[in-house]
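Got the model open in your viewer? Let's walk through it together, one question at a time.

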Amino acid sequence: MTSPDTSAVTNPPTEKDPWPALWALVLGFFMIMVDSTIVTVATPALIQDLDAEVNSVVWVTSAYLLAYAVPVLITGRLGDRFGSKNLYIAGLVVFTLASLWCGLTESVGMLIVARIVQGLGASMITPQTMAIITRIFPAERRGQAMALWGATAGVALLVGPLLGGVLVDGLGWEWIFFINIPVGIIAILLAIRLVPRLDTHPHRFDWLGVALSGAGMFALVFGIQEGHQFDWGTVTGVITVPRLIIGGLLILAAFVFWQARNSSEPLVPLGLFKERNFSLANLAIMTISFAFTAIGFPLMLWAQLVRGLSPTQSALLLVPMALMSIVLAPVVGRLTDRLHPRSITAVGFTTTGLALLWLALGLSPDVPYWHLLAPMALMGAGSAGIWAPLSATATRNLPQHLAGAGAGVYNATRQIGAVLGAAAIAVLMDARLSANGLEFDPAHAVAGAALPPQAHAAFANAMGEALLITPAVLVLGLAAVLMFTRPAHAQR
């Protein structure tokens with residue numbers, strides 16, 4: 001397959017240094033990515049302070065992820081139409097105000113509503129960051145820029161639980177939201193000052209495509225994400241989880257059919273997928289997002305219930321991974337502009353998969369902590385060769401007028417991978433606990449109490465066995481990146 005229009009991959013229309021704009025974008029992107037995971041460690045505090053049930057508090061995170069994932073196809077296109085800078089700043093304003101609302105709320109119901117609004121703000125921000133980078137950096141220099149963007153996504157997912165644990169232990173759960181207010185204000189001011197205004201494209205809006213994609217994404221993501229909470233059975237009345245998932249897939253199939261038949265201007269130009277690297281990068285980002293979302297649940301439960309660690313202490317296990325990602329990101333960025341993308345990403349997927357296998361096999365009740373820190377550091381080194389090069393490779397050959405659409409699709413794929421990872425690991429943990437003769441009581445996790453010693457070995461075995469799905473899924477990502485072709489700019 002070839003690029004839809006490689007001649008349109010041109011240098012940006014300005015000679016102004018794009019790096020200050022990139023740093024402004026990265027700050028806002030980091031903030032919203034941290035919020036994908038920061039709330040999980042506050043579960044016990046939310047249950048106690050808001051007198052809420054476990055399932056209600058789970059919805060505090062689920063509502064955010066749903067509101068974030070569902071509209072990204074649409075918001076990416078809106079950036080093309082009304083200006084990526086305008087959508088980015090509007091998203092920051094919505095996100096920051098919603099963060100204030102989250103911190104001030106006194107009921108779990110209102111907190112869920114505020115998190116929905118916060119997620120909508122995040123969905124406005126993410127596609128714009130990727131689209132602006134694509135347009136302000138020339139193709140031959142985009143690798144370093146996307147390295148920073150991709151590394152930000154990976155590191156933020158790791159920093160979230162650690163930062164959340166520190167804030168909850170030190171200041172209270174409200175501060176996991178209040179901290180966004182000064183960061184959001186700074187991000188808005190930097191965006192106004194540093195992010196350039198780019199040409200807009202007078203798109204006709206595909207309203208049927210909007211309706212089909214929104215409904216299909218909601219049904220599919222809700223069904224997968226919340227299936228475990230409803231025992232994969234009835235949600236309400238005749239609505240069941242299997243019907244939601246199947247219905248979502250059918251609606252999305254109708255959406256694809258309509259995009260193919262729409263001779264005017266589809267919401268997602270299917271020509272995007274004629275670009276081989278874009279299609280393969282979407283498959284690969286789904287697998288790594290799956291794996292990185294999945295590993296946190298069994299690892300944190302093992303650390304707190306078997307080893308009796310606090311949320312902050314448990315999150316410290318992730319520090320070697322975050323540090324290695326941060327240290328190696330600049331190096332990988334420079335290599336991304338010079339080497340074949342297959343070379344970097346294949347090493348990244350192989351290293352990360354081996355580290356996850358090492359981690360899964362090493363979980364036991366009395367394993368020395370350094371035996372876990374070593375694979376975590378290896379995982380960070382491997383992930384540095386995945387997040388950034390994938391982002392750069394996905395967008396390099398796309399024409400600039402499709403930057404918003406491409407960014408929307410890529411980020412929707414990444415979010416779906418995260419949802420699949422969360423759902424799959426929940427099912428596997430339950431299955432492996434039962435196979436090891438245990439039934440998990442959420443009250444243990446809420447109270448932060450360690451399990452009785454006689455259950456430690458079985459619980460640790462179950463968590464390690466559940467983790468084995470992550471290296472298995474990364475094999476699919478490795479297969480995808482091995483089929484990458486050299487970017488168009490490097491062939492000229």
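## Helices, core and empty space

Q: In which helix does serine 325 lie?
A: Keep in mind that this is a predicted model. The helix to look for runs over residues 319-336. Serine 325 lies in α14.

Q: Is serine 325 buried or exposed?
A: Buried means under 20% relative accessible area. Serine 325 comes in at 5% relative accessibility, so this residue counts as buried.

Q: Which residues is serine 325 in contact with, leaving aside its neighbours within four places in sequence?
A: One partner far off in sequence gives a feel for the surroundings: threonine 152 is 173 residues away along the chain, with 9.1 Å between the C-alpha atoms of serine 325 and threonine 152. For actual contacts, count heavy atoms within 4.5 Å. With the neighbours within four places set aside, serine 325 is in contact with Val155, Gly380, Ser383 and Ala384.

Q: How far apart are the C-alpha atoms of threonine 470 and isoleucine 295?
A: Threonine 470 sits in helix α21, residues 469-481, and has 0% relative accessibility, so it counts as buried. Leaving out neighbours within four places in sequence, threonine 470 is in contact with Ala291, Ala294, Ile295 and Leu356. Threonine 470 and isoleucine 295 are 175 residues apart along the chain, yet their C-alpha atoms are separated by 7.4 Å.

Q: What share of the contacts with a separation of 6 or more comes from residues 24 or more positions apart?
A: The chain has 22 helices and two strands, and buried residues make up 59% of its 492 residues. Among contacts with a separation of 6 or more, residues 24 or more positions apart account for 85%.

Q: Which helix gives the most to the largest nonpolar core?
A: Nonpolar side chains tend to be buried together in soluble globular proteins. Here the largest nonpolar core has 142 residues, and those with the most contacts inside it include Trp173, Trp302 and Leu390. With 17 residues, the top contributor to this core is the helix spanning 276-306, α12.

Q: How many of the residues of helix α17 are buried?
A: Helix α17 covers residues 387-395 and is mostly covered. Its buried residues include Trp387, Pro389 and Leu390. Leucine 390 touches Ile288, Phe349 and Tyr410, among others, not counting residues up to four places away in sequence. For the helix, the buried count is nine of nine.

Q: How do the residues lining the second largest pocket divide into nonpolar, polar and charged?
A: The second largest pocket holds about 310 Å³ of space. Of its 14 lining residues, the closest to the centre are Leu73, Leu252, Phe255, Val256 and Phe273. The elements giving two or more residues to this lining are α10, α11 and α18. By class, the lining has 13 nonpolar, one polar and no charged residues.

Q: How many charged residues are in the lining of the second largest cavity?
A: The structure holds two cavities of 30 Å³ or more, and the second largest has a volume of about 30 Å³. Its lining is made up of Arg77, Arg204, Phe205, Asp206, Glu265, Pro266 and Leu267. Sorted by class, that gives three nonpolar, no polar and, for charged residues, four.

Q: What percentage of the area the chain exposes do carbon and sulfur atoms supply?
A: The chain exposes about 18,800 Å². The part supplied by carbon and sulfur atoms is 67%.

Terms used: Residues are numbered from 1 along each chain as its sequence is written. This is a predicted model: local features need pLDDT of at least 70, side-chain atom pairs count only at pLDDT 80 or more; totals for chains, interfaces and linings use all residues. Side-chain values use heavy atoms; hydrogens and water are left out. Helices (H or I, at least four residues) and strands (E, at least two) are DSSP runs, numbered from the N terminus. Buried means under 20% relative accessible area, exposed over 50%, partly exposed in between (1.4 Å probe, protein chains only). Accessible areas come from the Shrake-Rupley method with a 1.4 Å probe; for residues, only the protein chains shown count as cover. On a 1 Å grid over the protein atoms alone, a cavity is a set of points where a 1.4 Å probe fits but cannot get out, and a pocket is an open set with protein on both sides within 12 Å along at least five of seven lines; lining residues have an atom within 4 Å of a point. Grid points are joined across faces, edges and corners, and a volume is the space filled by probe spheres set on the points. Ala, Val, Leu, Ile, Met, Phe, Trp, Tyr, Cys and Pro count as nonpolar, Asp, Glu, Lys and Arg as charged, and the others, Gly among them, as polar. A nonpolar core is a set of buried Ala, Val, Leu, Ile, Met, Phe, Trp, Tyr and Cys residues joined through side-chain atoms within 4.5 Å.
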